[in-house]
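Here is a short briefing for a reader who is new to this structure. Please look at the model first, then read on.

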Amino acid sequence: MRLVVQVKLLPTPEQEAALEATLRACNDAAMWVSTLAHEQRVFGNYDLRKHVYGQIKDEYGLAAQAAQHVIKKVTDAYTTLKSNIRAGNLGAQGSRRRERAEGKPIAFRPQAAQPFDDRCLSWQMGAQTVSIWTVTGRMKSIAFTASADQLKTLAAWRKGESDLVHRDGMWFLMATCDLPDRPVRTPDGFVGVDLGIADIATTSDGVHHSGKGLNAVRHRHRELRRRLQAKKTKSAKRLLKRRRRKEARFAANTNHTIAKQIVTEAERTGQGIALEDLSGIRDRVRLRKPQRVTLHSWSFHQLGGFVAYKAARAGIALVYVDPAFTSQQCSRCGHVDKKNRPDQETFLCTSCGFAEHADVNAARNIASRGVAGWAVSHAADDAA
Ligand SMILES: [Zn+2]
């Protein structure tokens, strides 16, 4: 399993100046290579290298590895563009969006992220520092911060490239780690997880993971956004962008915490985890509450992703179930009726009289669908 560990760098002013100059040089070079590739219609890594390698090293002061990474960054960007066009993501041939994308070279911001491999970046785990190649020479002993968990993962499984990222005045390394897959234990029942707005996640064991903090932040930001958007100045735009990132970071933190609690609960009780299959969520909810739920759907996908990788790391079984009618079905007798939901919070079965918090009832349905799903997919194992 591959995962990315993000650590924050704490460079001194001198180190920071060197990092900044390095990103600028790499991206200036990338911009030049991109323009040349676009003009001469040369997009392959090998062909492009013949044209530009020597010049990048000489004129932009890049070391051999950095020059190669710049070329790869450019060719990767064109490959992505090409596959986006092929997938129709930029519209049909001749559409304005597509013509605009194809009509000019791909641009690289002066401080865009840059990959570093083990030859230009080394980690001193004990001292919690890195040593990194820069245009002004090798910068040694740049301190970084990481949690105990991150340090353990980095020390054991870090492999290959890390991206140097400059964002909102801060410096980060995004390190790729390659973890071995753990065998999945046979679950003793399933924890069902229902996703919602007021409570982001509710489990079949009756635990509510509140979205109060997150919803408050979202609301505050929406108000601010409205005021800033009216202004339309450059500084307002910059502030907006920073706000959006801050909100995204807060949402990601919340989702990490919730995912960890759900996985810990499953681990402690020996259960597997059943999640709603969200692949159709956008189409489904657009019919009803357009803005509110599309706003949350990426956040649900993120939470699902966090649960999936934390479960995989812990060897916990994970099953995706069809979420249709989970909120209208009685988790005791199976009766499905809209009238089973007298209000948003309450489930009251019109057939058997079973009463429960609406989200807990839905989570129980998800849990029993998880049990059924697991049985179906493992029937062959049992027969063998
Ligand atoms: Zn019932």
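In which sense do strand E11 and E12 pair, and over how many bridges? Strand E11 (residues 272–276) and E12 run parallel and are joined by 4 bridges. Two strands are said to pair if DSSP finds at least two bridges between them. Strands (E, at least two residues) and helices (H or I, at least four) are DSSP runs, numbered from the N terminus.

This is a predicted model, in which local features need pLDDT of at least 70, side-chain atom pairs count only at pLDDT 80 or more, and totals for chains, interfaces and linings use all residues. Residues are numbered from 1 along each chain as its sequence is written, and side-chain values use heavy atoms, with hydrogens and water left out.

**The chain as a whole**

- The chain holds 10 helices and 14 strands.
- Its C-alpha trace spans about 80 × 50 × 45 Å along the principal axes.
- Of its 384 residues, 41% count as buried. Buried means under 20% relative accessible area, exposed means over 50%, and partly exposed lies in between (1.4 Å probe, protein chains only).
- The accessible surface of the chain is about 20900 Å², and 52% of this belongs to carbon and sulfur atoms. Such areas come from the Shrake-Rupley method with a 1.4 Å probe; for residues, only the protein chains shown count as cover.
- Take the contacts between residues at least 6 apart in sequence: 64% of them join residues at least 24 apart. Contact means heavy atoms within 4.5 Å.
- There are 61 positive and 38 negative side chains, and the centres of the two sets lie 7 Å apart. Lys and Arg count as positive, Asp and Glu as negative; His and the chain ends are not counted. Each charge is placed at NZ of Lys, CZ of Arg, CG of Asp or CD of Glu.

**The five-stranded sheet**

- An open sheet of 5 strands has mixed pairing and the order E10-E9-E8-E11-E12.
- Strand E10 (208–210) and strand E12 (318–321) are the edges; each has a single partner strand, so one side of each is left without a neighbour in the sheet.
- From one strand to the next, the twist averages 20°. Axes here are lines fitted to C-alpha atoms, for helices over the stretch in contact, and angles run from 0 to 180 degrees between N-to-C directions.
- Where E11 meets E12, Glu276 has Val321 as its bridge partner.
- Helix H7 (residues 234–269) lies across strand E8 (190–195), strand E9 (199–203), E10 and E11. The helix runs at about 5° to E9.

**Strand E8 and its partners**

- All of E8 is covered: 6 of the 6 residues are buried, so the strand is largely enclosed by the rest of the structure.
- Phe190, Gly192 and Asp194 point one way from E8, while Val191, Val193 and Leu195 point the other way.
- E8 pairs with E11 in the parallel sense over 3 bridges. Phe190 is matched there with Gly272 in E11.
- E8 pairs with E9 in the antiparallel sense over 3 bridges. Val193 has Thr203 in E9 as its bridge partner.
- E8 and E9 make a hairpin, with 3 residues between them.

**Strand E5 and its partners**

- Strand E1 (residues 2–10) and strand E5 (residues 137–145) run antiparallel, joined by 3 bridges. Leu9 stands opposite Phe144 in E5.
- Strand E4 (residues 129–134) is also antiparallel to E5, with 5 bridges. Ile132 has Met139 in E5 as its bridge partner.
- A hairpin is formed by E4 and E5, with 2 residues between them.

**Residues to look at**

- Arg225 is found in helix H6 (residues 212–231). Arg225 is buried, because its relative accessible area is 19%. Leaving aside neighbours within four places in sequence, Arg225 is in contact with Leu240, Arg244 and Glu247.
- Ala372 is in helix H10 (residues 358–383). Ala372 counts as partly exposed, at 42% relative accessibility. Ala372 and Phe190 are 182 residues apart in sequence, yet 9.9 Å apart in space, C-alpha to C-alpha.
- Gln128 sits in the loop between strand E3 (121–124) and E4. Its phi is near 55°, a positive value in a residue other than glycine. Gln128 is partly exposed, at 24% relative accessibility.
- Phe325 lies in the loop between E12 and strand E13 (346–348). Phi of Phe325 is near 60°, also positive in a residue other than glycine.
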